[in-house]
Each structure stands twice: as C-alpha cells, then as structure tokens.
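User: I've got a model open and want to check the labels people put on it. Can you walk me through the reasoning behind each one?

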Amino acid sequence: MMKKHNSLLKLVLAALFLALAYVMPFLTGQIPEIGSMLCPLHIPVLLCGFICGWPWGLAVGFVAPLLRSLTLGMPPLFPKAVCMAFELCAYGAVSGLMHKLLPRKKAYIYVSLLTAMIAGRLVWGAAMFVFMGLKGTAFTFTAFITGAFTNAIPGIIIQIILIPILVMILQKPKVLDLRDSK
C-alpha cells in the first residue's frame, strides 16, 4: 500500500512541477530581455528530479518545453523547444539519479545540481549542433558558450541559490522523501 501511495504522490508532484514549468515563464516573460536569461523552466524540472526521482524528472523535462511550444507557440518548436526538451530531460534525469545515488548530505545536493546543470547544457549544445546542422546552419563553439553560459548567468545563479534550499526544505520533514531505498 505504501508503494502505491508513493507512486501516486510522485505522479501528483510531477504534474505540479509540469504545471509550474508551464506557468513560470509567464512571470519572467513580461521582460523579454531578461526573461529567458532566468531559465524559468529549469527550476521546476530540477526540483522534479530531486523530489520525484530521475524518471519523473526526465519525463517532465522532456514534455514541458514541447507542451509550451505546441500550446502557446513559445518557445518556437524547431529547433529551440526540441533542443530544450533534450536539455531539460537531462536536467531532470541527472539531478534525480545523482540525488538517489549520493549520500543525503547538503554538499551532495550541490554536487547533484552542478552535475545536472553541466550535463543539461552539454546535451543542449549537442542537440543544437545536430539540429542546426540538419537545418543547414552552423552551431559554433562561441554560440554554445553564449547560449549555455553567458546568457544564462542570472538563471544559473538563481538555480545554485534556490534549488538546494528548496530541496532541503521539501525533504526536511521526510514527507516528500520519495527516493527509493535500495
């Protein structure tokens, strides 16, 4: 019965994180110059990986940008939303997997987060390289650095500050500690 309860709770929380990923860009999109720099879809996807586990983080990360693109037209579907889907699924999967495998200490939340952030950006760069190539456009190393790091510095800072705090708060009472114990 407890396993069924955990599965249902993970499903409900994953739906909540997907809903947050859907609406958060509305808050930052009011100022287009900085809205995308804040990376609003990343926060709920990373949290989903940490709280619900890697399969849920992967699924929510993949679906969120595609759902927004197909229903709202933002981000544009190809190549931006498609590449973001791969990037965000890497964030959700890696954050959840690392958090599951590493010891339950505060420092390891940061290790999991930074590993997920780097992996996601590398996956985004690889996806952009492939899809821009298919489109007949070059994706240079300079474009990768600019898109993955330089333009995202405000979002990176917010994630490094906010995500570990939220993970510690959400898992403190052990109510949302849904990591499989093996």
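Analyst: Happy to. Let's start with Pro79, which is found in helix α5. Keep in mind that this is a predicted model.

User: What makes the bond between Phe78 and Pro79 a cis peptide bond?

Analyst: Look at omega: it is about 0 degrees for the bond joining Phe78 and Pro79, and that bond is cis. The peptide bond from Met74 to Pro75 is cis too, with omega near -5 degrees. Pro75 sits in the loop between α4 (54–72) and α5. As background, most peptide bonds are trans.

User: Why is Cys39 called buried?

Analyst: The cut-off for buried is under 20% relative accessible area. Cys39 has 6% relative accessibility, so it counts as buried. You'll find Cys39 in the loop between α2 and α3.

User: What is there to note about the phi of Cys39?

Analyst: Its phi is positive, about 50 degrees, although Cys39 is not a glycine. Most residues other than glycine have a negative phi. Gly53, just after α3, also takes a positive phi, of about 110 degrees.

User: Why is helix α3 described as largely enclosed by the rest of the structure?

Analyst: Go by the count: eleven of the eleven residues of α3 (residues 42–52) are buried, so the helix is largely enclosed. Among them are His42, Pro44, Cys48 and Phe50.

User: Is Met98 buried or partly exposed?

Analyst: Partly exposed. Buried needs under 20% and exposed needs over 50%; Met98 has a relative accessible area of 21%, so it falls in between. Met98 is in helix α5. Met98 and Gly53 are 45 residues apart in sequence, yet their C-alpha atoms are 9.5 Å apart in space.

User: What makes Phe26 eligible for the nonpolar patch on the surface?

Analyst: A patch residue needs over 30% relative accessible area and no salt bridge. Phe26 is partly exposed at 40%, so it clears the area cut-off. Phe26 is grouped with Leu16, Leu20, Val23, Leu72 and Met74, and together the six have about 500 Å² of accessible area. Helix α1 (residues 2–28) gives the most to this patch, with four residues, and Phe26 is found in α1.

User: How do you know what kind of lining the largest pocket has?

Analyst: Sort the lining by class: 16 residues are nonpolar, eight are polar and four are charged. That pocket has a volume of about 730 Å³. Ser36, Met37, Pro40, Lys80 and Met84 lie nearest its centre. The largest share of the lining, four residues, comes from α5.

How values were computed: Residues numbered from 1 in each chain as written. Predicted model: local features only at pLDDT ≥ 70, side-chain atom pairs only at ≥ 80, totals over all residues. Heavy atoms only, no water. Patch = residues over 30% accessible without salt bridge, like charges linked within 9 Å, V, L, I, M, F, W, Y side chains within 5 Å. Areas by Shrake-Rupley, 256 points an atom, 1.4 Å probe, with all protein chains shown as cover. Salt bridge = Lys/Arg side-chain N within 4 Å of Asp/Glu carboxyl O. Helix = DSSP H or I, 4+ residues; strand = E, 2+ residues; numbered from the N terminus. Buried < 20%, exposed > 50% of the residue type's maximum accessible area, 1.4 Å probe, protein only. 1 Å grid on protein atoms, 1.4 Å probe; cavity = no way out; pocket = protein on both sides within 12 Å on 5 of 7 lines; lining within 4 Å. Points joined across faces, edges and corners; volume = space filled by probe spheres on them. Nonpolar A, V, L, I, M, F, W, Y, C, P; charged D, E, K, R; others polar.
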